[in-house]
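The following exercises are to be worked with the sequence and the model at hand. Each task is followed by a solution in steps.

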Amino acid sequence: MISTELVDLSRLQFAVTALYHFLFVPLTLGMTFLLVIMEGSYLVTGQQIYKDMTRFWGKLFGINFALGVTTGLTMEFQFGTNWAYYSHYVGDIFGAPLAIEGLMAFFLESTFIGLFFFGWDRLTKGQHFMVTVLTAIGSNLSALWILIANGWMQDPVGAEFSYTTMRMELTNFWTVIFNPTAQAKFVHTVSAGYVTASVFVLGISSWYLLKGRDVEFARRSFRIAAAFGFASALSVIVLGDESGYTVSESQQTKLAAMEAMWHTEKAPASFNVIALPNEKEQKNDWELQVPYVMGVIGTRSFSKEIPGIVEIKEKNRHRIESGMLAVSAMEALRRDKNDAAAKEQFEAHKADLGFGLLLKKYTEDVTQATHEMIQQAVDSTVPRVAPMFWSFRVMVALGFMFALLLGLSLYHTIRGTFLQQRWLLRWAVLFIPMPWIAAELGWFVAEYGRQPWTIYGVLPTHLSASSLSAGSLYGSLAGFVTFYTGLLVIELYLMFKFARKGPGSLGTGRYHADAH
Amino acid sequence: MLDYETLKIIWWVLVGALLLGFAIMDGHDMGVGTLLPFAGKNDVERRIIINTVGPHWDGNQVWFITAGGAIFAAWPLVYATAFSGFYWAMLAVLWALFFRPVGFDYRSKIENPAWRKTWDWGLFIGGFIPPVIFGVAFGNLLQGVPFHFDNDLRSFYTGSFWELLNPFALLAGVVSSAMITFHGANYLMIRTEGDVFRRVRAASLVFGAVTLAAFAAAGYFVATGMKGFVITSAIDPNALPNPLDKTVAQETGAWMKNYALYPATMLVPAAAFAGGLLALGAAFFRKPLTAFVGSSVSMLGIIGTAGVSLFPFVMPSSTDPRSSLTVWDSVSSQMTLTLMLGATVIFLPLIIVYTSWAYKKMSGKVTAAFIGANDKSAY
């Protein structure tokens, strides 16, 4: 039996390293496009200040990018080191987008980023602009392939289990690529990256404006960030809604948990604005509801019902019972692939194979599972409600606040009055960390909400981990925490140092504090 | 669609090609990292050395990432078994690699000499450790690795980390480290002048000689003393992959069979020596570009020799030989292999074109004058 301690530690390590990696990704995704806009302005107008903007914001981008690369390496290693059975079981599908990401996107981004930093004197203006554009395209394509891979974990289309090879095998790659879950996730995620970068540039520019430093430089940066950011913030909200819709189609448990919907309501269901979920009694102790809204957002209809947690669990109980038959038939076929009776039983129940595998957490031989074990498995099919419910709400609230901040910034940009709105500038400075919080919460909802699966409905998390000792995991986890803490301290130190110095750090002699 | 057997062989060649791409591209900047604290005696010299790869190390590193991704996609069982089995070795590689992006990017952002020296050693670790460990890993692959599968194809590694550090594996580590350092020295000769050039030329001569001597010693040991592996049951190369569906035995000298069977493969180890000697001669006569090509050919020969000797094995098991992973039974489905082949055929030539363009644009000697003029923006 696989120890629960090992699986929990493996999950913790993955969560820590993935959330940490995503501290650096959103800024990269958005900053590359802001750099394209700034350098594009330089290309068109020929004004030196736009070149300086590209170089200065590029410098801050570079400090962030270095850690993005560092921590991205961990992700590439970790499927193999810590999730070996997962890698075997779904590598046929999941490995392909990762490899294509390398070939199509990461090479592009990484080759041209070097020229972005060092090519100013070696390339023509047009060539350098092209390099910046290709870097931006590369980083965003990279996100596309990663989210195709992640989308497949959430909604595993285009694949089928084979008992001969004992793994999932690809049947249709196009459905994997054009998986609606993946596409919605991609646009939502990159838009969130654009918002992150916009708020970052907006906030730091506001700080210069409040100090009355490098006003011309900051003013132009502020305007670009406000315009690009507002469009992105709207896109995040619209595509977040699209993401929610695909979740209601493909992952009912996640939706029910993040909305704290314990029972199926008559359509269209009402929306819990705020609630106090009570896990034990499977109800909300208190709730503030808006009628109809949930049904309309979740199903885009007035008549489709959204299933509640209690009803979903009942359905899953049947799937687990059917899955037990699939697992025992699969095991018989592993012993003798010509066993006709087993083949027939397997074909009849194979859609529930993953649900049968959930029982492996409690017993080696699933045919011997007791009622208590089945009940435990049934209860495990829905993630805990309170963390899902609250994370989702804080993320959404932040999303609307970004739209408001960036919308007001754009409004005052158009009117030419933002220099006088000191409250707006202060708000922008205070809000610099917020997009990171929203992004991390978003990933928490997406991944914690997928539990108890690594591949939704196909492969339980419990079976996915490598056969390592818990001691190895304590050791590696300690190593990661040590490295990552040290690196974060260094990164933040440099980021603050250069943000404080401002464009004067370019050493061109045109900006504040350039004298020394 | 190509038949499954052909695809399996093509992917064996492609994984080899990606590993070679990694050795030539990321290898030269790792060699640069290894030489950094020794070939650069002061801050300016060290900045010269770092800036020879400044614009390129990141793109080069993607060879490594893509090779890893391609092994995941084409040989999922190898990826799963090797990465989890070699857990601490893999983490050591990973943690060593951590020092590179931050070392390159952060080192010269602050003028404090202690800060800069610390990152110089970080870049050394990031350049030195990974090739050593990869060499040690290959040394263990040739001897067989203690792992087995259960009936669900879950892999169990039963050895310890310290077992990996046996004498033959350490010798393979020397081959790997020396060849990467040799290659890095040849690259640095192209891009530097003066004192630094003089030192890296000496390094090239030393590490080139060490590479060839250690490679010859390892070859002698494999041919005479080592137990290789052979498949003893009938194999259907077109069958669906199932590693437990065969029997395997260990025999002394088994790793030499392919050379007897296909004498043309003798050209592969010959290339290791020919390329190495060419590079040594070129370094001696101060022809850095030829030296770089020579060490590239030599690495083709060395990596190729490991591949040809093992074929069709990829990761033999010393404790449960039938669990051994081979090119026939550790691969993805025919559809995935076809698809990935398509992606590689389209993108690999493009990558080579734009990487060459990037090198061409940034070519020429990196000088002290350049560092002085770009004090704020250079690494």
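**Exercise 1. Determine how far helix H3 of chain B is covered, and test its length against expectation.**

Solution. The model is a predicted one. Begin with burial: 18 of the 18 residues of H3(B) are buried, and the helix is thus mostly covered. Next, take the length. H3(B) runs over residues 57-74, and at 1.5 Å a residue its 18 residues should span 26 Å. Finally, compare this with the model: the end C-alpha atoms lie 26 Å apart, so the expected and modelled spans agree.

**Exercise 2. Describe the side of chain B that touches chain A.**

Solution. First, count the participants: chain B contributes 59 residues to the contact and chain A contributes 59 residues. Second, assign the residues of chain B to elements. At least two residues each come from H3, helix H4 (76-85), helix H5 (87-106), strand S2 (155-157) and helix H12 (334-361) of chain B. Third, identify the main contributor: H12(B) gives the most, with 13 residues. Fourth, sort this side of chain B by residue class, which yields 35 nonpolar, 17 polar and seven charged residues.

**Exercise 3. Establish whether Leu14(B) is buried or exposed, and place this residue in its surroundings.**

Solution. Locate the residue first: Leu14(B) belongs to helix H1 of chain B, residues 4-39. The cut-off for a buried residue is 20 or more other C-beta atoms within 10 Å. Leu14(B) has 20 C-beta neighbours inside 10 Å and therefore counts as buried. Then list its contacts: leaving aside residues up to four places away in sequence, Leu14(B) touches Ala70(B) and Thr344(B). As a last step, consider Pro321(B), which is 307 residues from Leu14(B) in sequence and 26 Å from it in space, C-alpha to C-alpha.

**Exercise 4. Characterise the packing of helix H11 of chain A on helix H12 of chain A.**

Solution. Two packed helices are described by the angle and the distance between their axes. Accordingly, start with the geometry: the axes of H11(A), residues 309-335, and H12(A), residues 340-349, come within 8 Å and cross at roughly 145°. The crossing is left-handed. Now list the residues that meet. From H11(A) they are Ser322(A), Gly323(A), Leu325(A), Ala326(A), Ala329(A), Met330(A), Ala332(A) and Leu333(A); their partners in H12(A) are Ala342(A), Lys343(A), Gln345(A), Phe346(A) and His349(A). By class, this contact holds eight nonpolar, four polar and one charged residue.

**Exercise 5. Set out the overall dimensions of each chain and test its radius of gyration against that of a compact globule.**

Solution. Take chain B first. Its secondary structure consists of 13 helices and six strands. A compact globule of 379 residues would have a radius of gyration near 21 Å; chain B has 21 Å, so the two values agree. Its C-alpha trace spans about 65 × 40 × 35 Å along the principal axes, and 57% of its residues count as buried. Among contacts in chain B between residues at least 6 apart in sequence, 80% join residues at least 24 apart.

Proceed to chain A, which has 19 helices and six strands. For 516 residues the globule value is near 24 Å, and chain A has 25 Å, which agrees. The C-alpha atoms of chain A fill a box of roughly 85 × 50 × 40 Å along the principal axes, and buried residues make up 53% of the chain. Of the contacts in chain A between residues at least 6 apart in sequence, 75% join residues at least 24 apart.

Definitions and conventions:
Residues numbered from 1 in each chain as written. Chains lettered and ligands numbered in written order. Predicted model: local features only at pLDDT ≥ 70, side-chain atom pairs only at ≥ 80, totals over all residues. Helix = DSSP H or I, 4+ residues; strand = E, 2+ residues; numbered from the N terminus. Expected span 1.5 Å × (residues − 1). Buried ≥ 20, exposed ≤ 12 C-beta atoms within 10 Å, placed from the backbone. Nonpolar A, V, L, I, M, F, W, Y, C, P; charged D, E, K, R; others polar. Rg over C-alpha atoms; globule rule 2.2 N^0.38 Å. Contact = placed C-beta atoms within 7 Å. Axes fitted to C-alpha atoms, helices over the stretch in contact; angles between N-to-C directions. Left-handed = near helix turned anticlockwise from the far one by under 90°.
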